[in-house]
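Colleague: Before this model is discussed further, I should like to hear the reasoning behind some of the terms applied to it.

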Amino acid sequence: VHVRLPQGGDAVVGQFAAGDADAAMQFFERKFADVVAEVRLTAERLQQGTASPDAADATVNKIRGQLAAPNFVGDLDGLSQLLDTLHAAAAEKRLAVGAEKTRRRKEALEAREAIVAEAEQLASATQWKATGERFKALLEEWKALPRFDKKAEEQLWSKFSGARSTFDHARRAHFAALDATRAEAASAKEAIIEEAEGLAASTEWAETSRAYRDLMARWKAAPRASRDQEDKLWARFRAAQDRFFGARNAQNAERDAEQERNAESKEALVVRAEALLPITDADAARRSLRAIHAEWETIGYVPRSARPVLEGRLRKVEDAIATAERRKWQRTDPAMRDRAEQTAAGFRASVAKLQQELADAQAAGNERKAAAAESSLATTQALLDAAERVVAEYSAE
């Protein structure tokens, strides 16, 4: 097999002994198509950023080497132009990558400058917790930025670090002054404890629960005493709460026990209702369910977790009765009865016809036709049996 060269003349690309001339041409044309596909795929990946300019140039050089001694058949001049285009695209991409690196360097420097500017504004802030968290976030942002210009970054870091130090000094001074107010905090919490201890024996559950919530809110809003004082004060306050809530929980436990007994009673009713399944007499089942519903309404509340389960089980019985009632009505519908009888009559006619076809085929000795008729007869007979059962259900009513 030969290929014509762009510069004139031709070159032998190979030999083919596995078919005729057309097969040979198709084989070497497919090899050319594979090379073109590789060039185009490399160009696409270069554009998408998944292939580097160096990788694209490597592909160009490799295929140019193949063009010097081609082992494929195709438009070699067109392939050369594709390689020129890919080489130019790689050069352009290389320039774009350099520009991108310059842009990222500039953006990183501007981002660090913005961090420093914000840090210098925060240095005089007095919202200690929020500002401290913001300084931590700014530090993480700083660490996440790429490193490009060491000298400029060191200068900016000096400013950022200085702003953090100014804020930290002010915050320590603030909390030093706060220690002086802790004695007043202890006095305020003593007053809250006295109120809590006065309410501990109350049986006004709802009102006293709200009062304890208010006391807790006041406790949280009050400044903290020293660590030792805070722990002791909190233990007294908590003991007063525990006394009240323990009594309330005991009463709730009694209520819960009653609801558990109610749940057992409703469970027994559900079991009675489920015993009606499967529904054979819809009217009798409906009467029994009404009696169960009447008893159900006389029983009090059940635990919240048990209610959907019990009601769901009872609802399944209700649905089954409703379905039975609906089916009963359908079986007494004259129009549906007529359709069922017409369907059965149609199948009877089909069975008779197939029986005759089977007999004729057997008499003629046509085994293939007889087998087909016998298969169709079995299917149609099964359909007829089902249709007659439906008709029988209507007749039973």
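The exchange below takes up a helix, a cavity and a single residue of this predicted model.

Colleague: Why is Ala-185 called buried?

Modeller: Buried means under 20% relative accessible area. Ala-185 has 1% relative accessibility, so Ala-185 counts as buried. This residue lies in helix H6, residues 182–199.

Colleague: Which residues does Ala-185 touch, not counting those up to four places away in sequence?

Modeller: Ala-185 touches Pro-223, Arg-224 and Ala-225. Contact here means heavy atoms within 4.5 Å.

Colleague: What makes the end-to-end span of H3 agree with its 47 residues?

Modeller: At 1.5 Å a residue, H3 should span 69 Å. The C-alpha atoms at its ends are 67 Å apart, and therefore the two values agree.

Colleague: What covers the buried residues of H3?

Modeller: The cover includes strand E1 (2–4) and helices H1 (21–48), H2 (53–68), H4 (128–144) and H5 (150–178). Among the buried residues of H3 are Leu-76, Leu-83, Ala-108, Arg-112 and Leu-122.

Colleague: How many cavities of 30 Å³ or more does a search of the whole structure find?

Modeller: The search finds 1. The largest cavity holds about 30 Å³ of space.

Colleague: How do the residues of its lining divide into nonpolar, polar and charged?

Modeller: The lining consists of Arg-105, Ala-108, Leu-109, Arg-112, Pro-146, Phe-148, Asp-149 and Glu-153. Ala, Leu, Pro and Phe count as nonpolar, and Asp, Glu and Arg as charged, so the lining has 4 nonpolar, no polar and 4 charged residues. Helix H3 (residues 76–122) supplies the largest share, 4 residues.

Note on methods. Residues are numbered from 1 along each chain as its sequence is written. This is a predicted model: local features need pLDDT of at least 70, side-chain atom pairs count only at pLDDT 80 or more; totals for chains, interfaces and linings use all residues. Side-chain values use heavy atoms; hydrogens and water are left out. On a 1 Å grid over the protein atoms alone, a cavity is a set of points where a 1.4 Å probe fits but cannot get out, and a pocket is an open set with protein on both sides within 12 Å along at least five of seven lines; lining residues have an atom within 4 Å of a point. Grid points are joined across faces, edges and corners, and a volume is the space filled by probe spheres set on the points. Helices (H or I, at least four residues) and strands (E, at least two) are DSSP runs, numbered from the N terminus. The expected span of a helix is 1.5 Å times one less than its number of residues. Buried means under 20% relative accessible area, exposed over 50%, partly exposed in between (1.4 Å probe, protein chains only).
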